[in-house]
Amino acid sequence: MSPVRAAVLGKLDGIALRSTSPERTARVQNRLLAGLEPDSFERLRPFLQPIALKRRAILQDYHHPIEHVYFIERGVASLLARTRRDGPVEVAMAGRLGFVGVAAVLGIERSPNRCLMSVPGYALRIAVPQLQRAAQRYPDIRQQLFSYIHALLVQNTQTTLCCARHSLEERLSRWILLAADRLDDRIIPVTHDTLSIILGVRRASITTTLAELERAGGLVKLRGAIDLLDRAVLERRTCECYQIIASEYGHLNRNGRHEHRIAADSAPMRACLCCV
């Protein structure tokens with residue numbers, strides 16, 4: 001078994017489907033959903049569908065209708081902007097701290113961006129009309145969604161500054177740290193090719209910069225993954241943008257988290273192993 005697969009299996013075992021009762025349940029990992037009061041979560045729970053997300057799975061695409069909103073449980077999704085001349089580049093990432101489908105929550109039918117999985121995992125998916133009705137009817141759900149949108153805007157603007165002003169080492173360190181926060185794991189299953197698209201640089205530049213961070217003791221390169229060996233090394237080598245973004249997302253759960261559970265068979269929750 002590969003180190004990446006073993007790490008993901010360990011994480012899923014930590015999520016632990018309960019088997020002490022006839023109905024098997026799994027703890028919700030998404031921090032935005034976990035921040036909802038139990039009554040509010042129960043209004044969404046019947047509509048939430050677990051779905052495995054393979055690497056490079058497209059959750060929304062340029063100028064296509066948005067049919068579902070994805071509350072990421074595990075994995076990292078990259079929101080990409082592009083021009084015909086320059087190709088795609090990441091403008092924000094989404095993980096278990098939020099959701100994919102912001103435009104639909106704001107009442108926009110079509111996506112201005114592509115969003116694909118850069119790190120495989122799974123999500124709780126809900127149809128757009130169902131989430132829109134809940135948000136319109138229940139102010140607490142609407143406010144939780146809008147709080148995330150605000151944090152995402154902060155990430156967008158800070159990423160723009162970072163790409164314009166900071167070195168590749170700083171930008172790559174920022175991305176790795178933010179991804180580790182969203183995975184709650186030191187193993188990040190991401191390839192050099194994916195990182196080159198995300199950061200809009202040549203693959204060779206990614207390889208060189210990762211090698212420098214490895215020599216500094218911050219990480220170890222694995223096949224198809226990165227092992228974040230020492231966060232402190234990357235925190236010293238990144239820019240202030242990481243702390244600004246991380247701090248803003250920290251405000252999302254300032255009122256605490258709840259242990260919500262959903263009915264689940266083992267197959268949907270473990271299906272993401274095939275994505276690694």
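Select Leu106 to begin: in this predicted model, Leu106 sits in the loop between helix H4 (102–105) and strand E7 (114–127). Add Ile108 and Phe146 to the selection, and display the surface. Together with Leu106, these residues make a nonpolar surface patch of about 280 Å².

**A buried glutamine**

Select Gln60 next, a residue of strand E3 (residues 58–60). Is Gln60 buried or exposed? Its relative accessible area is 10%, so Gln60 counts as buried. Show the side chain of Ser111 as well: a polar contact of 3.0 Å joins the side chains of Gln60 and Ser111. The wider surroundings may then be displayed. Leaving aside residues up to four places away in sequence, Gln60 touches Ile66, Leu79, Val100, Gly101, Ser111, Asn113, Arg114 and Cys115.

**A hairpin of two strands**

Now select strand E4 (residues 68–83) together with strand E5 (residues 87–94); the two pair in the antiparallel sense over seven bridges. How many residues form the hairpin that joins E4 to E5? The connection runs through three residues. To follow one position across the pairing, pick Leu80, whose bridge partner in E5 is Glu90.

**An open sheet**

Proceed to the sheet of three strands, which is open, has the order E8-E10-E9 and shows antiparallel pairing. Its edge strands are E8 (187–188) and E9 (220–222), each of which pairs on one side only. Strand E10 (residues 225–227) is joined to E8 by two bridges, and these two strands run antiparallel. Select Ile188 and look across to E10, where Ile226 stands opposite. As general background, the strands of a sheet pair through backbone hydrogen bonds, either parallel or antiparallel.

**Salt bridges**

The remaining stops concern charged side chains. The structure holds twelve salt bridges, and three of them are visited here, beginning with Asp184 and Arg96.

Select Asp184 and Arg96, which form a salt bridge whose closest N and O atoms are 3.6 Å apart. This pair links distant parts of the chain, 88 residues apart: Asp184 is in the loop between helix H7 (168–183) and E8, while Arg96 is in the loop between E5 and strand E6 (99–100). The two partners may also be examined for accessibility. Asp184 is partly exposed, with a relative accessible area of 44%, whereas Arg96 counts as buried at 8%.

Next, select Arg237 and Glu169. The closest N and O atoms of this salt bridge are 3.0 Å apart. Here, too, distant parts of the chain are linked: Arg237 belongs to helix H10 (residues 231–237) and Glu169 to helix H7, with their positions 68 residues apart in the numbering. Arg237 is partly exposed, and its relative accessible area is 32%.

Remain with these helices and select Asp181 and Arg231, whose side chains meet in a salt bridge (3.1 Å, N to O). Why does this pair tie together parts that are 50 residues apart in sequence? The reason is that Asp181 lies in helix H7 and Arg231 in helix H10. Both residues are partly exposed: the relative accessible area is 22% for Asp181 and 29% for Arg231.

Finally, add Glu235 to the selection. Asp181, Arg231 and Glu235 are linked in a network of salt bridges, and the tour ends at this group.

Notes. Residues are numbered from 1 along each chain as its sequence is written. This is a predicted model: local features need pLDDT of at least 70, side-chain atom pairs count only at pLDDT 80 or more; totals for chains, interfaces and linings use all residues. Side-chain values use heavy atoms; hydrogens and water are left out. Helices (H or I, at least four residues) and strands (E, at least two) are DSSP runs, numbered from the N terminus. Buried means under 20% relative accessible area, exposed over 50%, partly exposed in between (1.4 Å probe, protein chains only). A polar contact is a pair of N or O atoms within 3.5 Å; within protein, one must be able to donate a hydrogen and the other to accept it, and residues adjacent in sequence count only if both atoms are side-chain atoms. Contact means heavy atoms within 4.5 Å. Two strands pair if DSSP finds at least two bridges between them. Patches are made of residues with over 30% relative accessible area and no salt bridge: like charges are joined within 9 Å, nonpolar side chains (Val, Leu, Ile, Met, Phe, Trp, Tyr) within 5 Å. Accessible areas come from the Shrake-Rupley method with a 1.4 Å probe; for residues, only the protein chains shown count as cover. A salt bridge is a side-chain nitrogen of Lys or Arg within 4 Å of a carboxyl oxygen of Asp or Glu.
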